Amino acid sequence: MALDDIYKEVILDHYKSPRNKRELGDGAISCTKNNPLCGDEITVFASVDDGTIREVTFQGAGCSISQSSASMMTEAVAGKPVDDALGMAAEFRGMMAGDVEPTEEHFGDLVALKGVVKYPIRIKCAVLAWDVLQEALAGDGEASKAAAH
Amino acid sequence: MAVTHHEAPVLDVGRVRADFPILSRRVNGKPLVYLDSAATSQKPQVVIDTVRDFYERHNANAHRGIHTLGEEATELFEGARATIARFLGAASPEHVVFTRGTTESINMVSLGWGRKFLREGDEILLTELEHHSNIVPWQMTAAATGATLRYVPLLDDGTLDLSALDTVLSDRTKVFAMSGMSNALGTITPLPELIEAAHRVGAIAVVDAAQLAPHHAIDVVALDADFLAFSGHKMLGPTSSGGLYGKPELLDAMDPVFGGGEMISEVFHDRATYKPVPYKHEAGTMQVAQQVGLGAAVEYLGSLGMDAIRAHEQEIAAYALERLTDAGATVYGPTDPSIRGGAVSFWFKNVHPHDLAQILNEEGVAIRAGHHCAQLVMRRFGTAATSRASFYVYNTNEEVDVLVEALAKAEDIFA
């Protein structure tokens with residue numbers, strides 16, 4: 001069944017048991033965005049030290065694709081230099097555009113989201129968390145902290 | 001001797017379905033079960049043929065050409081206006097302005113009437129049930145004029161809190177804009193009562209009939225509505241058809257929002273004089289073929305009978321409420337079918353609406369998932385989105401069964 005391509009076990013697992021779904025305390029940068037199509041909302045928190053993402057978490061509500069993507073993302077970028085994380089965001093977008101063929105060793109669980117490419121309207125769901133991460137990292141920590149509240 | 005019955009005429013749904021070519025389509029190998037008519041309705045053959053016939057035989061600009069086609073196009077266009085005016089109970093075709101639909105109509109009132117007559121200190125009353133198209137234009141006009149927005153709150157059952165009317169309505173209220181039927185919850189509002197309340201304080205009553213007009217008989221004169229906006233594409237007509245009913249003195253008093261060809265009487269270097277209503281509100285080339293198609297749609301609705309349509313939808317909504325609830329779904333909005341239409345919003349177990357819509361689509365079932373352009377309603381019920389099945393003349397209880405069976409597939413995936 002075609003639905004197997006999108007509702008893979010690993011996606012459903014991240015949806016039902018999201019990783020790193022909590023707020024980060026003082027000193028963390030954060031950013032919130034929603035998908036105007038459906039109202040899904042994601043806030044990403046990150047603590048960045050010396051150009052490296054020490055910790056990254058998220059909060060939010062939405063469909064299995066948006067929430068599992070956020071959960072997988074927090075696992076994928078934690079401990080990475082900011083530049084690497086931004087590079088990964090670009091690659092993830094490339095995967096969603098069908099331009100980048102992802103490998104499991106590089107993308108980890110995120111490879112499972114490849115099937116979303118066949119459902120153009122859901123691509124926005126998958127990319128939402130990455131948009132938020134990118135904006136949080138790009139923005140000045142203090143400014144984006146204020147914007148989230 | 002025959003006994004006289006006073007029962008509502010019954011809709012022959014099998015015959016109706018045969019009039020809609022798209023219903024024979026298959027989606028993902030399954031027969032299409034179209035449960036998204038609140039977003040847009042499907043079109044019967046007679047509407048498709050009317051539009052096609054217009055382009056094949058009569059196409060010309062209306063009100064312009066002094067040639068046979070121009071005359072025919074004008075006659076068909078104005079004929080559609082007369083048919084639609086009759087359908088709404090308007091006293092004259094001239095009380096109906098053609099627009100692209102409800103959004104354009106409400107913006108027209110908000111800009112042409114609101115910006116001209118509203119002042120700082122005035123109040124615009126809306127309800128929390130409203131679609132964004134009956135909120136945002138008023139927010140823009142409030143910002144431009146200094147008027148203030150107020151809202152009739154919603155009760156937990158998805159009906160309006162009428163006990164709050166005395167608080168939110170006052171002699172400062174100059175406009176009361178209200179939905180006749182909620183697209184998000186299905187709630188049918190007590191229009192006569194709301195319009196009377198508006199008039200009691202001297203406010204004009206603006207009715208968003210985007211959802212009401214396709215499903216329920218309307219008599220603008222009996223309602224005493226000042227303005228009433230409707231969308232053709234939700235009532236079996238083409239996209240970009242629809243209009244604005246207005247009392248003639250109000251249509252006359254309000255400013256045209258668009259200036260241009262055909263709306264003028266005379267143009268000078270520094271000014272222009274306008275045509276009488278409705279034409280002063282119809283600048284540029286109109287949606288001639290679409291409005292002619294809407295005329296055919298309205299005739300088709302009339303042939304089915306609006307009371308029969310209402311009875312059919314009430315029955316199917318009641319059946320859907322029962323089946324969905326039994327299946328474990330949480331249904332939003334009124335549970336009493338006599339005060340609700342055929343738009344049924346629900347949340348099914350732990351399945352997000354987006355996921356549900358995707359899974360149902362595999363079964364050929366088309367529903368809407370999202371906030372339905374009614375974020376105030378969503379917020380009121382503490383959710384960002386719902387799943388919505390909406391029914392119309394061509395839907396059957398068997399299709400409700402298909403929907404409910406498909407829910408089990410979603411439950412399996414997310415178990």
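This passage walks through a predicted model with two chains, A and B, beginning with the overall build of chain B and ending with a single residue of chain A.

Chain B is a good place to start. A total of 14 helices and 17 strands is found in chain B. Its radius of gyration is 22 Å, close to the 22 Å that the globule rule gives for 415 residues, so chain B is as compact as a globular protein of that length. Measured out along the principal axes, its C-alpha trace covers about 70 × 55 × 55 Å. Of the 415 residues in chain B, 51% are buried. The contacts also reach across the sequence: when those between residues at least 6 apart are taken, 71% of them link residues at least 24 apart.

Within chain B, helix α11 offers a helpful landmark. This helix takes in residues 306-326, and at 1.5 Å a residue its 21 residues should span 30 Å; the C-alpha atoms at its ends are 30 Å apart, which agrees. Several of its residues are buried, namely B:Ile309, B:His312, B:Glu313, B:Ile316, B:Ala317, B:Ala320, B:Leu321 and B:Leu324. What do these buried residues pack against? Their partners in chain B include the helices α1 (13-18), α10 (288-304) and α14 (397-414). Strands take part as well, with β13 (329-331), β14 (343-348) and β17 (386-390) packing against the buried residues of α11(B). Just after the helix comes B:Gly328, which has a positive phi of about 100°.

Strand β17(B), one of those packing partners, deserves a closer look. Five of its five residues are buried, and the strand is mostly covered. B:Thr386, B:Arg388 and B:Ser390 point one way, B:Ser387 and B:Ala389 point the other way, and all of them are buried. Pairing ties β17(B) to two further strands. With β14(B) the pairing is antiparallel and runs over four bridges, and here B:Ser345 stands opposite B:Arg388. With strand β16 (residues 368-370) of chain B the pairing is again antiparallel, this time through three bridges. In that pair, B:Arg368 is found opposite B:Arg388. B:Arg388 thus serves as a handy reference point, facing B:Ser345 as well as B:Arg368.

A second covered strand of chain B is β9, made up of residues 227-231, and five of its five residues are buried. Both of its faces are covered: B:Phe227, B:Ala229 and B:Ser231 lie on one side, while B:Leu228 and B:Phe230 lie on the other. Which way do the neighbours of β9(B) run, parallel or antiparallel? Strand β8 (residues 204-208) of chain B runs parallel to β9(B) and is joined to it by three bridges; B:Val206 has B:Phe227 as its bridge partner. Strand β10 (residues 242-246) of chain B, by contrast, pairs with β9(B) in the antiparallel sense over five bridges, and B:Leu228 is matched there with B:Tyr245.

Chain A meets chain B through 17 of its own residues, which are in contact with 15 residues of chain B. On the side of chain A that touches chain B, 11 of the residues are nonpolar, three are polar and three are charged.

Chain A also holds an open sheet of three strands in the order β1-β2-β3, paired in the antiparallel manner. β1 (29-34) and β3 (52-61) stand at its edges, each with a single partner strand, so one side of each is left without a neighbour in the sheet. On average, neighbouring strands here are turned by 15° against each other, direction ignored. Strand β2 (residues 41-49) of chain A is joined to β3(A) by nine bridges, and A:Val44 stands opposite A:Phe58 in β3(A).

Two helices of chain A lie across this sheet. Helix α3 (residues 64-77) crosses β2 and β3 of chain A, running at about 170° to β3(A). Helix α6 (residues 120-138) lies across β1, β2 and β3 of chain A, at about 140° to β1(A).

Finally, A:Glu105 belongs to helix α5 (residues 104-107) of chain A. Is this residue buried or exposed? A:Glu105 is exposed, with 7 other C-beta atoms within 10 Å. Its C-alpha atom is separated by 26 Å from that of A:Gln59, a residue 46 positions away along the chain.

Technical notes
Residues numbered from 1 in each chain as written. Chains lettered and ligands numbered in written order. Predicted model: local features only at pLDDT ≥ 70, side-chain atom pairs only at ≥ 80, totals over all residues. Rg over C-alpha atoms; globule rule 2.2 N^0.38 Å. Buried ≥ 20, exposed ≤ 12 C-beta atoms within 10 Å, placed from the backbone. Contact = placed C-beta atoms within 7 Å. Nonpolar A, V, L, I, M, F, W, Y, C, P; charged D, E, K, R; others polar. Pairing = 2+ DSSP bridges. Axes fitted to C-alpha atoms, helices over the stretch in contact; angles between N-to-C directions. Expected span 1.5 Å × (residues − 1).
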